[in-house]
Amino acid sequence: MITQIKQYIKKKVLYKTYNFVRTNQFSLILEFNKNALLLERDGLVKHTGGCHCGAVRFEVWSAPHLHVFNCNCSICTKKQNRHFIVPKSQFTLLQGSDNITTYTFNTHVAKHTFCKTCGVQSFYTPRSNPDGFGVASHCLDPGTVSSVTVEDFCGQNWEESMQKHQTIRSMSKPTTDK
């Protein structure tokens with residue numbers, strides 16, 4: 001496995017960092033790349049994206065074929081929120097944590113985060129998956145999405161819809177053992 005990781009590092013951007021890394025930092029870079037290698041092995045790709053003004057940027061590991069939910073609850077309807085769900089471990093906020101504000105209502109489980117500057121919600125913490133993120137597919141940078149399948153979700157009858165949907169809660173569970 002170490003040989004695979006070293007080969008992976010040499011192929012990626014961290015090649016220069018790898019050459020100059022100190023021994024105590026080496027394991028951190030290996031761990032990072034091991035996780036990326038596992039995600040790639042599972043058929044996931046790294047998508048990047050952000051808000052309109054660019055203050056908020058993120059990366060997310062997900063399939064190139066996205067399964068997007070079109071919810072008709074009150075807030076998703078107003079925002080036209082169409083999103084796919086990923087585990088927290090597959091999402092990294094790259095910049096803009098100080099430029100994000102949060103709105104909650106009703107049960108206050110969902111955390112509707114958005115950019116303070118442009119108002120765009122590029123991701124949020126959904127009520128259905130508080131251990132993951134709902135990522136707006138239209139906020140991804142071009143080039144990594146192969147296809148999008150849209151599934152309507154009746155958020156107006158949220159509790160009933162959650163009972164009927166067999167897989168939505170599992171979507172925020174990690175796809176790999178890290």
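# Rings, charges and a patch: a short tour

Hi everyone. A search of the whole structure finds 7 aromatic pairs, and that is where I'd like to begin. One of them is made by Phe58 and Phe123, and this pair is edge-to-face, with 5.9 Å from centre to centre and 70 degrees between the planes. Phe58 sits in strand S2, residues 57-62, while Phe123 sits in strand S8, residues 123-124, so this pair ties together parts that are 65 residues apart in sequence. Are these two rings buried or exposed? Both Phe58 and Phe123 are buried.

Before we go on, please keep in mind that we are looking at a predicted model.

Phe123 has another partner. With Phe133, Phe123 forms an edge-to-face aromatic pair, at 5.7 Å centre to centre and 80 degrees between the planes. This pair also links distant parts of the chain, with Phe123 in strand S8 and Phe133 in strand S9, 10 residues apart. Phe123 and Phe133 are both buried. If you are wondering why I keep quoting two values, a pair of aromatic rings is described by the distance of the centres and the angle of the planes.

Now put those rings together. Which residues form one aromatic cluster? They are Phe58, Phe91, Phe123 and Phe133.

Let me step back to the whole chain for a moment. The protein chain has 178 residues, and 40% of them count as buried. Its secondary structure comes to 5 helices and 10 strands. What about contacts along the chain? Take the contacts between residues at least 6 apart in sequence: 60% of these join residues at least 24 apart. The accessible surface comes to about 10,300 Å², and 52% of that belongs to carbon and sulfur atoms.

Next, the charges. How many salt bridges does the count come to? The count comes to 5 salt bridges, and I'll walk you through some of them.

Let's start with Glu59 and Lys46, which form a salt bridge whose closest N and O atoms are 3.8 Å apart. Glu59 lies in strand S2, and Lys46 lies in strand S1, residues 45-50, so here the pair ties together parts that are 13 residues apart in sequence. You may remember strand S2 as the home of Phe58 too. Glu59 counts as buried because its relative accessibility is 12%, and the cut-off for buried is under 20%. Its partner Lys46 has 40% relative accessibility and therefore counts as partly exposed.

Then there is Arg127, a nice residue to click on in the viewer. The side chains of Glu159 and Arg127 meet in a salt bridge, at 2.8 Å from N to O. Glu159 is in helix H5, residues 158-164, and Arg127 is in the loop between S8 and S9, so the pair ties together parts that are 32 residues apart in sequence. At 48% relative accessibility, Glu159 counts as partly exposed. Arg127 also lies over the face of Trp158, at 3.7 Å from the ring centre. Elsewhere, Lys79 lies over the face of Tyr124, at 5.5 Å from the ring centre.

Here is one more salt bridge, between the side chains of Asp131 and Lys173, at 2.5 Å from N to O. Asp131 is in the loop between S8 and S9, and Lys173 is in the segment after H5, so this pair ties together parts that are 42 residues apart in sequence. Asp131 is partly exposed, at 30% relative accessibility. Lys173 is partly exposed as well, with a relative accessible area of 42%.

Now for Asn157, which you will find in the loop between S10 and H5. How far apart are Asn157 and Cys73 in sequence and in space? In sequence they are 84 residues apart, and in space they are 8.0 Å apart, C-alpha to C-alpha. Asn157 counts as partly exposed, with 42% relative accessibility.

Finally, let's visit the surface. Val145, Val148 and Val150 make a nonpolar surface patch of about 220 Å². Where is Val145? Val145 is in the loop between strand S9, residues 132-136, and strand S10, residues 147-153. With a relative accessible area of 33%, Val145 is partly exposed.

To wrap up, here are two things to find for yourselves in the viewer: the aromatic cluster of Phe58, Phe91, Phe123 and Phe133, and Arg127 over the face of Trp158. Thanks for listening!

Terms used. Residues are numbered from 1 along each chain as its sequence is written. Side-chain values use heavy atoms; hydrogens and water are left out. Helices (H or I, at least four residues) and strands (E, at least two) are DSSP runs, numbered from the N terminus. Buried means under 20% relative accessible area, exposed over 50%, partly exposed in between (1.4 Å probe, protein chains only). Contact means heavy atoms within 4.5 Å. Accessible areas come from the Shrake-Rupley method with a 1.4 Å probe; for residues, only the protein chains shown count as cover. Patches are made of residues with over 30% relative accessible area and no salt bridge: like charges are joined within 9 Å, nonpolar side chains (Val, Leu, Ile, Met, Phe, Trp, Tyr) within 5 Å. A salt bridge is a side-chain nitrogen of Lys or Arg within 4 Å of a carboxyl oxygen of Asp or Glu. Rings of Phe, Tyr and Trp (its six-membered ring) pair if their centres lie within 6.5 Å; planes under 30 degrees apart count as stacked, over 60 as edge-to-face and the rest as tilted. A charge sits over a ring if NZ of Lys or CZ of Arg is within 6 Å of the ring centre and within 35 degrees of the ring normal.
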